[in-house]
Amino acid sequence: MALMFQDPFETLLQFQQSLDQLRSSDWLQTSPSGGGSYPPLNVFRKGDDIIIIAEVPGVPKQDLHIEAKGKTIRIAGAKNFGADANASIHRRERRGGQFDRAITLPIEIDSERIKAECRDGILAIYLPRAESDRPRSIAIT
Amino acid sequence: MAQPLEVQEKKELVAKGEKTVPARYYVPSTDIFETDDALKLVMEVPGVDRKDIDIRLEEDVLRVEARIDRSKYDGMEPLYTEYGVGHFTRSFTLSHRIDQQQIAAALSDGVLTLTLKKVQQAQPRRIEIR
């Protein structure tokens, strides 16, 4: 399934629709805690590599811990925000707390080359597919 | 804070009018605090750059629109999804106790904080007995 975008104004809507179609995907079904745990994440494929994107608004970079072991990636951290002690609360919709989530990918990843970045409350983890896991083209003799 | 953090389903905007942009909007989770001299609005807009936030004040309605950058997802094919991606928008009606000339905004780690100063008369003060 390749995504083709022609009209720049339509691209986001088409992208949103393709995200919706996957809501029930069982891609990470074998993970220890797939779905429902914090942070919510989306998994993308770009070429041969996998990119995990999570929404972590209000979590500073230094409060995020990412570990990789084999095919499993662990994302842990804490979201803390304090309010002034003398402030009265009118509305409380944001939630804070600790989180710890592990995801197991169905492909081999090159743990040496994993990169992670966190910007504007979005965590992106780039997971390059291991050389041993890459498909090999076979010459017909 | 030791309690585990739960996922909150992103709330999609139910628009009153027809949207002119063919994209989905979400309502950012917002906390509202009041201190002695100001009202603080803290909203979560992950993935939005400061230049893509539009804050407008019109007829006592403060409207915040935060747009994400779609191009960051170019060439990426979704395999598994748990949340929707879209722009954020939310409107707040301000009371006359807010000094509309003094509204400050700050963005950090995907959290937008608006500080709305109260007008002098609305601030608590001590009344001396003569």
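Which residue stands opposite R56(B) in β6(B)? The partner is R63(B), and we will come back to the hairpin that holds this pair after a short word on the model.

This is a predicted model, in which local features need pLDDT of at least 70 and side-chain atom pairs count only at pLDDT 80 or more, while totals for chains, interfaces and linings use all residues. Residues are numbered from 1 along each chain as its sequence is written, chains are lettered from A and ligands numbered from 1 in the order in which they are written, and side-chain values use heavy atoms, with hydrogens and water left out.

Let us begin with chain B and its strands. Helices (H or I, at least four residues) and strands (E, at least two) are DSSP runs numbered from the N terminus, and two strands pair if DSSP finds at least two bridges between them. Strand β5 (residues 48–58) of chain B runs antiparallel to strand β6 (residues 61–68) of chain B, and 7 bridges join them. Here R56(B) faces R63(B) in β6(B). The hairpin of β5(B) and β6(B) has 2 residues between the strands, and E59(B) takes a positive phi near 50° in this hairpin. β6(B) also has a link to strand β8 (residues 87–93) of chain B, again antiparallel, through 6 bridges. In that pairing, V61(B) has T93(B) in β8(B) as its bridge partner.

Chain B has another hairpin to look at. Strand β9 (residues 98–108) of chain B and β10(B) run antiparallel and are joined by 7 bridges. A105(B) finds its bridge partner in β10(B) at L114(B). There are 2 residues between the strands of this hairpin, and D109(B) has a positive phi near 50°. Strand β10 (residues 111–118) of chain B is also joined to strand β4 (residues 38–44) of chain B by 7 bridges, with the two running antiparallel. If you want a residue pair to find on screen, M43(B) stands opposite L112(B) in β10(B).

Now turn to chain A. An open sheet of 3 strands is found there, in the order β3-β4-β6 and with antiparallel pairing. β3 (64–69) and β6 (97–104) of chain A stand at the edges with a single partner strand each, so one side of each is left without a neighbour in the sheet. Neighbouring strands of this sheet are turned by 10° against each other on average, direction ignored; such angles come from axes, which are lines fitted to C-alpha atoms (for helices over the stretch in contact), and run from 0 to 180 degrees between N-to-C directions. Within this sheet, strand β4 (residues 72–79) of chain A pairs with β6(A) over 8 bridges in the antiparallel sense, and A76(A) lies opposite D100(A) in β6(A).

Where do the two chains share a sheet? An open sheet of 5 strands has the order β7(A)-β8(A)-β2(A)-β1(A)-β7(B), with antiparallel pairing. β7 (115–119) of chain A and β7 of chain B are at its edges, each with a single partner strand, so one side of each is left without a neighbour in the sheet. From one strand to the next, the twist averages 25°. The link across the chains is made by β1(A) and strand β7 (residues 77–80) of chain B, which pair in the antiparallel sense over 3 bridges. V43(A) has Y80(B) as its bridge partner in β7(B), and R45(A) has E77(B).

The contact between the chains takes 66 residues from chain A and 53 residues from chain B, where contact means heavy atoms within 4.5 Å. About 5,700 Å² is buried between chain A and chain B, with carbon and sulfur atoms giving 53%; buried area is the accessible area (1.4 Å probe) that two parts lose on being put together, summed over both.

Charged pairs are part of this interface too. Side chains of opposite charge can pair when their charged atoms come close. The rule finds 8 salt bridges across the interface of chain A and chain B, a salt bridge being a side-chain nitrogen of Lys or Arg within 4 Å of a carboxyl oxygen of Asp or Glu. One of the structure's salt bridges joins E93(A) to R90(B), with the closest N and O atoms 2.8 Å apart. Another joins E55(A) to K10(B), where the closest N and O atoms are 2.7 Å apart. This pair crosses between chains, from E55(A) in strand β2 of chain A to K10(B) in the segment before β1 (11–12) of chain B.
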